[in-house]
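Here are some notes to read beside the coordinates. They are set out as numbered points, each on one topic.

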Amino acid sequence: MNQSFFTGAVAAHQELRRLNVYGNNIANLNTYGFKAEKARFAQLMYDGVKNAEEEMLPVGVGACLWTTDTDFTQGPVAETGRKQDYFIEGDGFFGLVDLQTNEVSLTRNGAFTVAELMRPTGEVDENGQAVEERILYLSDGDGRFVLSNTGGMIEVDDFDAAYPIGIFDYINYNGMTQLNDTRFTPVDKNGGLRMGSGVLRQGMLEMSNADFSEEITKVIETQRAYGMALKLVQTSDEIETTINSLRG
């Protein structure tokens, strides 16, 4: 089979993966705190390696989607006036803790709400059962709780108050693990945790930093590249068909 056939097939598959990246960015244009992803391509090796029998094996054809980098630049700001909405002006993240898994994650989505937990008071009733009290905490609305500037959960007793929300940061964001559209966890190369230098703004939210005009341009570009790759596959197939007919 002509090598161009495999080059075109690989290219078509990788362009589909690239299309998924920009399609996801467009789908999250209205997601608070969303950070757009950028597709990075790399050329595959056009060389051979020796196997156990000292035979040369071909490695790679064409190019591949090597990685997707997250763009952590600050998005536009929307003023909501809601007391549980927060925006970080500058660098840093909000910290969230999941009490079920003890997982701590970072986000720029400051659309918070209030959730309740039952906490033991240390007393027992006449039946010997532990007495619990209802405590309100600041939450992300999905079962996780917002961390304060001292690393603890934030109790809510005044719905109009400014809460002591922590701003956490790392030296660099390269390679952060993306848990969902707005939450991240650090990796070793991000360095140690430190307090962020950003300024907390109440009654505001950070919008998605994905730009529709840029994303739709990338989608069109990817569709054209995908069509060209399929044309290469088709042309290679036609060449093989012609060769086979001549042999007959």
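1. The place to begin is a pairing in the middle of the chain. Leucine 106 in β8 stands opposite phenylalanine 184 in β14. The two strands, β8 and β14 (residues 183-185), run antiparallel and are joined by 2 bridges. Please keep in mind throughout that this is a predicted model.

2. Strand β8 has another partner in β7. These two strands are antiparallel and share 5 bridges. Here leucine 106 of β8 has glycine 95 opposite to it. Leucine 106 thus appears in both pairings, facing glycine 95 and also phenylalanine 184 of β14.

3. What links β7 and β8, and how many residues lie between them? The two strands form a hairpin with 4 residues between them. Asparagine 102 belongs to the loop that runs from β7 (94-98) to β8 (103-107). Its phi is positive, at about 65°, although the residue is not a glycine. Most residues other than glycine have a negative phi. Is asparagine 102 buried or exposed? Asparagine 102 counts as exposed because its relative accessibility is 60%, and the cut-off for exposed is over 50%.

4. A second hairpin is made by β9 and β10, with 5 residues between the strands. Strand β9 covers residues 113-124 and strand β10 residues 130-139, and their antiparallel pairing has 9 bridges. Within this pairing, leucine 117 stands opposite isoleucine 135 of β10. This hairpin also has a residue with positive phi, namely glycine 128, at near 80°.

5. Isoleucine 154 deserves a look as a loop residue, placed between β11 (144-146) and β12 (168-169). It counts as buried because its relative accessibility is 2%, where the cut-off is under 20%. Leaving out neighbours within four places in sequence, isoleucine 154 has contacts that include Leu136, Tyr137 and Leu138, as well as Val146, Tyr163 and Ile165. The C-alpha atoms of isoleucine 154 and leucine 138 are 5.6 Å apart, with 16 residues of separation in sequence.

6. Two polar side chains should be checked for burial. Glutamine 14 lies in helix α1 (residues 3-27) and is buried, with 8% relative accessible area. Beyond its neighbours within four places in sequence, glutamine 14 is in contact with Phe41, Ala63, Cys64 and Leu65. Asparagine 28 sits in the loop between α1 and β1 (37-43) and is likewise buried, at 5% relative accessible area. With residues up to four places away left out, asparagine 28 touches Phe34, Asp181 and Ser208.

7. As to the chain as a whole, it has 2 helices and 17 strands. The radius of gyration is 26 Å, whereas a compact globule of 248 residues would have one near 18 Å. Along the principal axes, the C-alpha atoms fill a box of roughly 95 × 45 × 35 Å. Of the contacts with a separation of 6 or more, 64% join residues 24 or more positions apart.

8. The last point is surface and charge. Buried residues make up 33% of the 248 in the chain. The accessible surface comes to about 14200 Å², and carbon and sulfur atoms account for 51% of it. There are 20 positive and 37 negative charges, and the mean positions of the two sets are 8 Å apart.

Notes: Residues numbered from 1 in each chain as written. Predicted model: local features only at pLDDT ≥ 70, side-chain atom pairs only at ≥ 80, totals over all residues. Heavy atoms only, no water. Buried < 20%, exposed > 50% of the residue type's maximum accessible area, 1.4 Å probe, protein only. Pairing = 2+ DSSP bridges. Rg over C-alpha atoms; globule rule 2.2 N^0.38 Å. Contact = heavy atoms within 4.5 Å. Areas by Shrake-Rupley, 256 points an atom, 1.4 Å probe, with all protein chains shown as cover. Lys, Arg positive; Asp, Glu negative; His and termini not counted. Charge placed at Lys NZ, Arg CZ, Asp CG, Glu CD.
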